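Here are a few exercises to work through with the model open beside you. Try each task before reading its solution.

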Amino acid sequence: MRATAAADMIRGMARQDLLRRISQAHDRRRSGRGIRLWRKLAIWVLYPRRDRGFWYGFAIDVLWPVLMAVARWDFRGGRQVPTTGGALLAVNHLSHVDPIVLVSYVVAQGRVPRFLAMKELWGMTVVGAPLRGGRHIPVDRRASGVEAYRAAVEAVRRGEVVVLYPEGGFAEHSDGWPRAARSGVARIALETGAPVIPVAQWGSNHLLPPSASRPTLVPRATLRVLAGPPVALDDLRAGRIGRRALQEATDRIMGRITEQLAVLRGEEPPARPEPRDGAEQPAVG
């Protein structure tokens, strides 16, 4: 029995290695060009089917070909997503379609991501089942957030990849640059010591603009995602985790996300992030 388990583990590792090599080879193509169809199909065949929960796995398998059909993908920097172990992916938020894009990006690296999401979504018929079955983390925005924080810390220590949107939502009318962020991802990072991978995305706001109820299929959007090296936070973990350390960690994380986004957009970011406002759309994350 142990020999069978060991053989299964070796086969799983070999499968993940092949998947990552196929996915990351796209980095050699010129920036802005989409992943080739054969490569997306190979990723679809190889991406993880275990440890997803039935409804979460079903949603991934259904939405993958849909997203593949309606948009081009330009996924880069996947080598920054750890092969094993707990990690935090801090991502800018642009559209309601963002979680679908990030699921595609992360499973292409052989990992199954978990999200923080509004508690209200758990009660919805279509969205609730994948969230409940996929070990995602509900956030009660009317409470202190302590339960969600503890659940996220536990997930990271369990070895999960947890995706967070530090901005907490997105504005209906925005220039697309990251806005002022909450300190949740910094707090989890300093508590667990897990790496924080800064991830920028651009294009989901073209596929499904913030104020739109239907996707824009023509012209076909290019979904661009770029991950960078982990944010340096070790010096902030040495002492007491106070307000100053949390703010410094948050600033570093958002600064790195903004740098990655500037690469994708080919533009200079604003000197200071916009403040959050009451018109934001609180989506997953």
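**Exercise 1.** Does Leu63 count as buried, partly exposed or exposed?

*Solution.* A word on the ground rules: this is a predicted model, where local features need pLDDT of at least 70 and side-chain atom pairs count only at pLDDT 80 or more, while totals for chains, interfaces and linings use all residues. Residues are numbered from 1 along each chain as its sequence is written, and side-chain values use heavy atoms, leaving out hydrogens and water.

Step 1: get the cut-offs straight. Buried is under 20% relative accessible area, exposed is over 50%, and partly exposed is in between (1.4 Å probe, protein chains only).

Step 2: apply them. Leu63 has 35% relative accessibility, so it counts as partly exposed.

Step 3: place the residue. Leu63 belongs to helix 3 (residues 54–70); helices (H or I, at least four residues) and strands (E, at least two) are DSSP runs, numbered from the N terminus.

Step 4: check the company. Leu63 joins Phe54, Trp55, Phe58, Val62 and Val66 in a nonpolar surface patch of about 590 Å².

**Exercise 2.** Find the strand order of the open sheet, and work out which strands stand at the edges.

*Solution.* Step 1: read off the order. The seven strands run 1-8-7-2-5-3-4, with mixed pairing; two strands pair if DSSP finds at least two bridges between them.

Step 2: look at the ends. Strand 1 (71–76) and strand 4 (137–139) each have a single partner strand, so one side of each lacks a neighbour in the sheet.

Step 3: add the twist. Ignoring direction, neighbouring strands of this sheet are turned by 25° against each other on average.

Step 4: try one pair. Strand 7 (residues 196–202) and strand 8 (residues 221–227) run antiparallel and are joined by four bridges, with Gln201 partnered by Val225 in strand 8.

**Exercise 3.** Describe the surroundings of strand 2.

*Solution.* Step 1: count the buried residues. Five of the five residues of strand 2 are buried, so the strand is largely enclosed by the rest of the structure.

Step 2: sort them by face. Ala87, Leu89 and Val91 lie on one side, Leu88 and Ala90 on the other, and both faces are covered. That fits the usual pattern: side chains in a regular strand alternate between the two faces of the sheet.

Step 3: find the neighbours. Strand 2 runs parallel to strand 5, with four bridges between them, and Ala87 stands opposite Val161 there. Four bridges also tie strand 2 to strand 7, again in parallel; Leu89 has Ile197 as its bridge partner in strand 7.

Step 4: see what crosses. Helix 7 (residues 184–192) lies across strand 2 (87–91), strand 5 (161–164) and strand 7, at about 160° to strand 2. Axes here are lines fitted to C-alpha atoms, for helices over the stretch in contact (heavy atoms within 4.5 Å), and angles run from 0 to 180 degrees between N-to-C directions.

**Exercise 4.** Track down some backbone oddities in the loops.

*Solution.* Step 1: look for a cis peptide. Val218 and Pro219 are joined by one, with omega about -5°, and Pro219 sits in the loop between helix 8 (204–207) and strand 8.

Step 2: look for positive phi outside glycine. Asp51 has phi near 60°, in the loop between helix 2 (37–46) and helix 3. Arg135 also has a positive phi, about 60°, and lies in the loop between helix 5 (125–133) and strand 4.

Step 3: check exposure. Asp51 is partly exposed at 49% relative accessibility, and Arg135 is partly exposed at 34%.

Methods: Patches are made of residues with over 30% relative accessible area and no salt bridge: like charges are joined within 9 Å, nonpolar side chains (Val, Leu, Ile, Met, Phe, Trp, Tyr) within 5 Å. Accessible areas come from the Shrake-Rupley method with a 1.4 Å probe; for residues, only the protein chains shown count as cover. A salt bridge is a side-chain nitrogen of Lys or Arg within 4 Å of a carboxyl oxygen of Asp or Glu.
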